Amino acid sequence: MGGTRDEAALARSGPVGGDVAACVRRFTEWTMIDGDLSCRYVWLNLPDPTGGTVRYTVPGTEIVRRVGPGDRIETVGEFRNGDAVDAMIARWRTAGGPVAGYDGAELRGIVGWAPEPLPLPIPRAEVERAFGDLAARLASASAGGEWAPVAAVFTDEVRVRDHVVGFVEGRHALSAYIRDGVRRSPFSRYRVRLRIIDGNRVSTVLRAEGPSGGLDVNVVLHYAGGRRWSYVEVVYNPQEVVRPRA
């Protein structure tokens, strides 16, 4: 797990266009492969126009499916905070923009942004059962509005990274995060579209649906054993959320 396995077959151009595209350097922090599905964690980096150490970087995830023979792939989804990308580009242009002749190959992700899964030798079948339990609790909460059973399957020290809301730690904070998120969200139903399992890391795409439409959200989970999860990362683009008119 981790690394950049099969990176040549999965290589794709960045989603940023215009004069910025030529300056973007992509760094893949990890790649998951589960059958025909792959998920990878990609940082979009821009070089510091002043030659200093200011970071212009935004993380996100990309999920692809291998189709047919050879290395042909199709995109399942790209998940990245569009507001953060726009803000990064604006700051970068204000600082000077493109840097002639600068390669930027050394640019990576932010150290400590997210932990690695616990290196526990847990059978895949156990991870599958634990995720099935979580998915069932999520479906029940969506139908009945009771979200406490969802928070109950996370560890007391769980860490939560939401690419829009921010970072929280602890199951009490997770419960508040879920409660506040449900209250603010224009969506009322959540269902699992797909899941990728690689060791103790799970990547799942949730379809959030409501009266005004739907949104795909990528949720990355770390399994900690004992039907508990120790980390959850929520990746989506807030620019794709359509809120109902008042």
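How does the radius of gyration of the protein, with its 246 residues, stand against that of a compact globule? A globule of that kind would come out near 18 Å, and the protein has 19 Å, which agrees. Here the radius of gyration is taken over C-alpha atoms, and the globule rule is 2.2 Å times the number of residues to the power 0.38. Along the principal axes, the C-alpha atoms fill a box of roughly 55 × 50 × 35 Å.

This is a predicted model, in which local features need pLDDT of at least 70 and side-chain atom pairs count only at pLDDT 80 or more, while totals for chains, interfaces and linings use all residues. Residues are numbered from 1 along each chain as its sequence is written, and side-chain values use heavy atoms, with hydrogens and water left out.

The secondary structure comes to 5 helices and 10 strands, taken as DSSP runs numbered from the N terminus (helices are H or I, at least four residues; strands are E, at least two). One open sheet has 4 strands in the order β1-β2-β3-β4, with antiparallel pairing; two strands pair if DSSP finds at least two bridges between them. Its edge strands, β1 (25–34) and β4 (73–80), each pair on one side only, and the twist averages 20° from one strand to the next. Inside this sheet, 10 bridges join β2 (residues 37–46) to β3 (residues 56–66), with V42 opposite G60 in β3. Helix α2 (residues 82–95) lies across β2, β3 and β4, running at about 135° to β3. Contact means heavy atoms within 4.5 Å; axes are lines fitted to C-alpha atoms, for helices over the stretch in contact, and angles run from 0 to 180 degrees between N-to-C directions.

Then there is the empty space. On a 1 Å grid over the protein atoms alone, a cavity is a set of points where a 1.4 Å probe fits but cannot get out, whereas a pocket is an open set with protein on both sides within 12 Å along at least five of seven lines; lining residues have an atom within 4 Å of a point. The largest pocket holds about 780 Å³. Of its 34 lining residues, D162, Y177, Y190, V217 and V234 are the closest to its centre. Helix α5 gives the largest share of that lining, 6 residues. The lining divides into 28 nonpolar, 3 polar and 3 charged residues.

There are also 2 cavities of 30 Å³ or more, and the largest has about 50 Å³ of space. Among the residues lining this cavity are W30, Y41, R201 and H222.

Terms used
Points joined across faces, edges and corners; volume = space filled by probe spheres on them. Nonpolar A, V, L, I, M, F, W, Y, C, P; charged D, E, K, R; others polar.
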